[in-house]
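Reader: I would like a close look at a single part of this chain, with the side-chain contacts that belong to it and some account of how they are classified. Could you take me through it in one connected answer?

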Amino acid sequence: MTRDIADIRRDYEGGRLDEDGTPQTPFTLFDEWFQLALESEGDDGNAMTLATADTQGLPHARIVLLKGYDEQGMVFYTNYHSHKGSELANVPQAALVFWWPSLSRQVRVEGRVEQVSAEESDHYFASRPRGSQLGAWIATQSVEIPDRHWLEERQSRYEQLYAEQEIARPAHWGGYRLVPEMLEFWQGQPSRLHDRIRYEQRDGDWHKYRLAP
C-alpha cells in the first residue's frame with residue numbers, strides 16, 4: 001500500500017441544521033434534501049445502503065435504489081427469493097443509509113418492511129426498460145451459478161421466449177416499502193462538529209431532537 005489510509009481526512013462543510021429550522025415531521029425535510037441530491041449527485045442520488053438481518057441476528061448490507069417515497073415510506077424493488085428477500089420474510093425490519101458526498105449529507109432511516117401491492121409492483125415493472133424486465137426472469141438472484149456463460153445462455157433463452165410478446169412481472173419479483181420509525185439527518189460541519197437531528201415516532205407522533213456529533 002502506497003498511501004496510509006489513516007492520513008486520509010476530509011473537513012466537511014455545509015449549512016447549519018438547527019432544530020428550530022426543521023419541520024415537525026421528517027418527510028418535508030427528506031424531500032427537500034433528496035431533490036437537492038438528485039441535482040448534485042446525478043443518477044446516483046437515489047442510491048442507498050439497505051441493511052437487513054438474518055434469523056441469527058447477523059447483519060447484511062448492500063446498495064439498492066430508491067424508487068419511490070412518500071409519508072408511507074421508502075420503496076425499492078428486488079427478487080423476493082434473494083438473500084435480502086429471505087431475510088425480510090423472517091425479520092421484517094431494516095435500515096437505510098443515504099450518503100450524498102457533494103452535499104456533506106447523510107440520512108439514516110429505520111423501520112418495519114412490508115411488500116407493496118401487486119398492482120404497485122405491476123405498474124413499476126411495466127415502466128422498466130425491456131432488458132431490465134427480462135433480467136427479472138433471467139437472474140435467479142443470489143443463487144450460486146457455475147459461470148458467466150450459464151447466465152448468457154439463460155438470457156438468450158428468455159429473449160427468444162419473449163421475442164414477440166410483452167413481458168409479465170414474475171411472481172417472485174416486486175417491491176418493498178420501509179415504513180419509517182426513525183429518520184436521522186446528518187449535516188457535515190468543520191472539525192467533526194456535525195449537526196444531527198433525529199426524528200422518532202412515538203405513539204403515532206413524530207418527536208425530534210438533536211444528537212451530539
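Author: Over residues 46–153 the chain is 31% helix and 40% strand, with the end C-alpha atoms 32 Å apart, and I should say at once that the model in which these values were computed is a predicted one. UniProt, in an unreviewed entry, places the feature "domain: Pyridoxamine 5'-phosphate oxidase N-terminal" at these residues, 46–153.

Aromatic contacts are a useful place to begin, and the structure holds 21 aromatic pairs. One of them is formed by Y124 and W173, whose rings are stacked, at 6.2 Å centre to centre and with 10° between the planes. Because Y124 lies in helix α3 (residues 118–127) whereas W173 lies in strand β7 (residues 173–187), this pair ties together parts that are 49 residues apart in sequence. Both Y124 and W173 are buried. Another pair joins W137 and Y158, with ring centres 6.2 Å apart and planes at 25°, and so it is stacked, since planes under 30 degrees apart count as such. This contact also links distant parts of the chain, W137 being in helix α4 (residues 130–138) and Y158 in helix α5, 21 residues apart. W137 is partly exposed, at a relative accessible area of 21%, whereas Y158, at 15%, is buried; the cut-off that separates these two descriptions is 20%. Ring pairs also link F30, F34, Y69, F98 and W100 into a cluster.

Turning to charged side chains, the count comes to 18 salt bridges. R148 forms one of them with E152, the closest N and O atoms being 3.7 Å apart. Because R148 and E152 are four residues apart in helix α5 (residues 148–161), about one helical turn separates them. R148 is exposed, with a relative accessible area of 57%, while E152, at 41% relative accessibility, counts as partly exposed.

A further salt bridge brings together the side chains of E200 and R202, at 3.4 Å from N to O, and R202 counts as partly exposed at 38% relative accessibility. Salt bridges that share partners join R108, E110, E184, R196, R198, E200 and R202 into one network. For residues 173–213 an unreviewed UniProt entry gives the feature "domain: Pyridoxine 5'-phosphate oxidase dimerisation C-terminal", and that span is 0% helix and 73% strand, its end C-alpha atoms lying 40 Å apart.

Definitions and conventions:
Residues are numbered from 1 along each chain as its sequence is written. This is a predicted model: local features need pLDDT of at least 70, side-chain atom pairs count only at pLDDT 80 or more; totals for chains, interfaces and linings use all residues. Side-chain values use heavy atoms; hydrogens and water are left out. UniProt positions are given in the numbering used here, feature names are shortened, and annotations may be inferred rather than shown by experiment. Helices (H or I, at least four residues) and strands (E, at least two) are DSSP runs, numbered from the N terminus. A salt bridge is a side-chain nitrogen of Lys or Arg within 4 Å of a carboxyl oxygen of Asp or Glu. Buried means under 20% relative accessible area, exposed over 50%, partly exposed in between (1.4 Å probe, protein chains only). Rings of Phe, Tyr and Trp (its six-membered ring) pair if their centres lie within 6.5 Å; planes under 30 degrees apart count as stacked, over 60 as edge-to-face and the rest as tilted.
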